[in-house]
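Hi everyone, thanks for making time. Have a look at the model on the screen, and I'll walk you through it.

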Amino acid sequence: MSDAPIIIIGTGLAGYNVAREFRKRDDKTALVLITQDNGEFYSKPMLSNALAKQKHPDELPMGDAAKMQHDLNAKIHTNNKVTSIDPQKQVLLLDTGEQLNFSKLVMAVGANPFQFPMEGDATSDVLTVNDLDDYRQFRDKLKNQTSVAIIGPGLIGCEFANDLAANDYQVKVIGPDEAPISTLLPTPAGQALQTALSELGVNWHLGKTVSAINKIDSGYELTLSDGQTVQADVMLSAIGLRANIELAKAAGLQCNRGIVVDRYLKTNIDNIYALGDCAEVSGFVLPFVMPLMQSARALAATLAGEPTQVSYPAMPVIIKTPALATIVSPPERGAEGEWIIEKTEQGLKALFSQGDTLLGFVLMGDAVSEKPALTKRLPAILI
Ligand SMILES: Cc1cc2nc3c(=O)[nH]c(=O)nc-3n(C[C@H](O)[C@H](O)[C@H](O)COP(=O)(O)OP(=O)(O)OC[C@H]3O[C@@H](n4cnc5c(N)ncnc54)[C@H](O)[C@@H]3O)c2cc1C
C-alpha cells in the first residue's frame with residue numbers, strides 16, 4: 001500500500017493548488033488527480049467578469065490537462081467520475097470500472113448548485129454556471145439574444161448582472177430577498193449596490209420567487225410568486241451552492257454542511273483529507289479562493305510529512321461589481337454586535353462591532369481604500 005500514490009479528487013482551484021504546493025516540497029512521490037471534467041486549469045472567479053474583460057471562454061484556461069500533467073509530474077484522469085471510496089482498503093472506484101489504490105486521499109470535489117422546484121415546461125432550460133463548461137454553454141446561449149433573467153440576487157447573481165448589463169444585455173434579477181447579497185451585506189449596503197446596478201440598467205424583482213417557467217414564442221416567461229410575469233431570452237440560476245458531500249457520506253466520512261475536517265484538513269478517517277468548497281474546516285464553510293489557498297499550503301506540508309494546521313486570517317472578499325466597488329468581510333455566523341453604517345462622499349462604510357471590537361465590514365465606492373487599515377483590526381478566523 002505504501003507504494004500507492006497520493007490521489008486528489010478534483011482539479012478545481014483546490015485540487016490543482018494542493019498539487020502544486022505539494023510538488024514544491026516533494027517531487028518524487030507518485031501523484032494522481034481525477035476529475036469528472038476535462039482538467040483545464042482556470043480561475044473560476046473569472047467566469048463572472050469575463051465579458052467585461054473581453055475574454056472568450058476558450059481564453060480562460062491557463063493550461064489543459066496535458067500541460068498540468070507535465071507541470072505537476074502527475075497522472076491526471078479526465079472525464080472520470082469517482083463513484084465510491086473504500087477507506088479501509090484505501091481504494092476507490094471510477095465510473096469506468098477501474099480501481100485505484102491510494103496511500104493518502106484528498107477530496108477537492110467542490111460544491112453543486114442548488115436545485116429548486118418549479119412548475120412549467122421550460123424548467124430544464126434554466127442554466128447554472130459553476131464551471132468553465134457551464135460558462136461555455138451560457139455564452140453560446142447568449143449569442144444573438146438581448147435579455148437575461150437571473151434568479152438569485154446573491155454575490156454571483158449580482159456579479160453576472162453587472163457583467164451582462166455593462167455589455168448591453170437587458171438584465172432582470174429575481175429573488176425573495178429585500179436587497180441584493182442579503183447573506184453578506186446589511187440592507188442599506190445591498191440597496192446601495194441595487195441603486196448602482198439599476199443605473200446600469202438592471203431591473204429588480206425582489207421580495208418574490210419564481211413559481212413557473214414556460215416557453216413562449218419569443219423565449220421564456222417566468223411567473224413570479226405574486227402572479228407578475230417576466231420575459232427573457234436566457235435564464236441563469238444563481239441561488240447558491242451546496243458542498244458536494246455525497247461521495248464522502250457514502251464512504252462513511254463525517255459530513256455536516258461540508259466534509260468535516262480538523263485544522264490539519266483531516267477527515268474522521270486516517271489518510272483522507274478535504275479542502276476547498278466541499279470542506280467544513282473547524283466549523284467554517286468558506287467557499288472562496290483565499291481560504292482554499294491557505295488550506296492548500298497547509299495540507300501540502302502535511303502530505304509531505306510535516307503536519308501543519310491551517311490558519312485563516314481575516315480574508316475580505318472583493319465583489320466584482322465595478323458599478324459600485326464592494327469589499328466585504330462578514331462577521332462570523334451568529335456573531336453578536338451591530339452594524340453602524342455611514343455614507344461616504346462616493347460610497348458607504350458599514351462596520352460590524354461588538355463594543356470596541358471590529359468583527360466585520362462592508363466598504364463601497366471610495367471607502368474601499370480603507371480595506372488595509374480595517375483588515376488589520378479584524379480578528380483572525382482561525383489563529
Ligand atoms: C461565477 C463564480 C465567481 C466566483 N468569484 C469569486 C471571487 O471573485 N472570489 C472568490 O474568492 N471566490 C469566488 N468564487 C468561488 C471560488 O471560485 C470557489 O470557491 C473555488 O473555485 C472552489 O474551488 P474547488 O476546487 O473547491 O471546487 P471546484 O472548482 O468546484 O472543483 C471541483 C472539482 O471536483 C471534480 N469532481 C467533483 N466530484 C467528482 C467526482 N465524483 N469524481 C471526479 N471528480 C469530481 C470536478 O470535476 C472539479 O474538477 C466564485 C465562484 C463562481 C461560481
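Let me start with a definition: two strands pair if DSSP finds at least two bridges between them. Helices (H or I, at least four residues) and strands (E, at least two) are DSSP runs, numbered from the N terminus. Now, this is a predicted model, where local features need pLDDT of at least 70, side-chain atom pairs count only at pLDDT 80 or more, and totals for chains, interfaces and linings use all residues. Residues are numbered from 1 along each chain as its sequence is written.

So, the sheet. Three strands, ordered 12-13-14, make an open sheet with antiparallel pairing. Strand 12 (210-216) and strand 14 (229-232) sit at the edges with a single partner strand each, so one side of each has no neighbour in the sheet. Strand 12 is joined to strand 13 (residues 219-224) by six bridges, and Asn214 has Glu221 as its bridge partner in strand 13.

Zooming out, the chain has eight helices and 24 strands. Its C-alpha atoms fill a box of roughly 60 × 55 × 35 Å along the principal axes.

On to the ligand. It is surrounded by 35 residues, counting a residue as near if its C-beta atom, placed from the backbone, lies within 6 Å. The closest are Gly10, Gly12, Ala14, Gly110 and Gly276. Helix 1 (13-25) and helix 7 (289-303) each give at least two residues to that shell. Domain 1 (6-112 + 241-303) and domain 2 (123-237) each contribute at least three, with the domain bounds coming from an automatic or database domain assignment.
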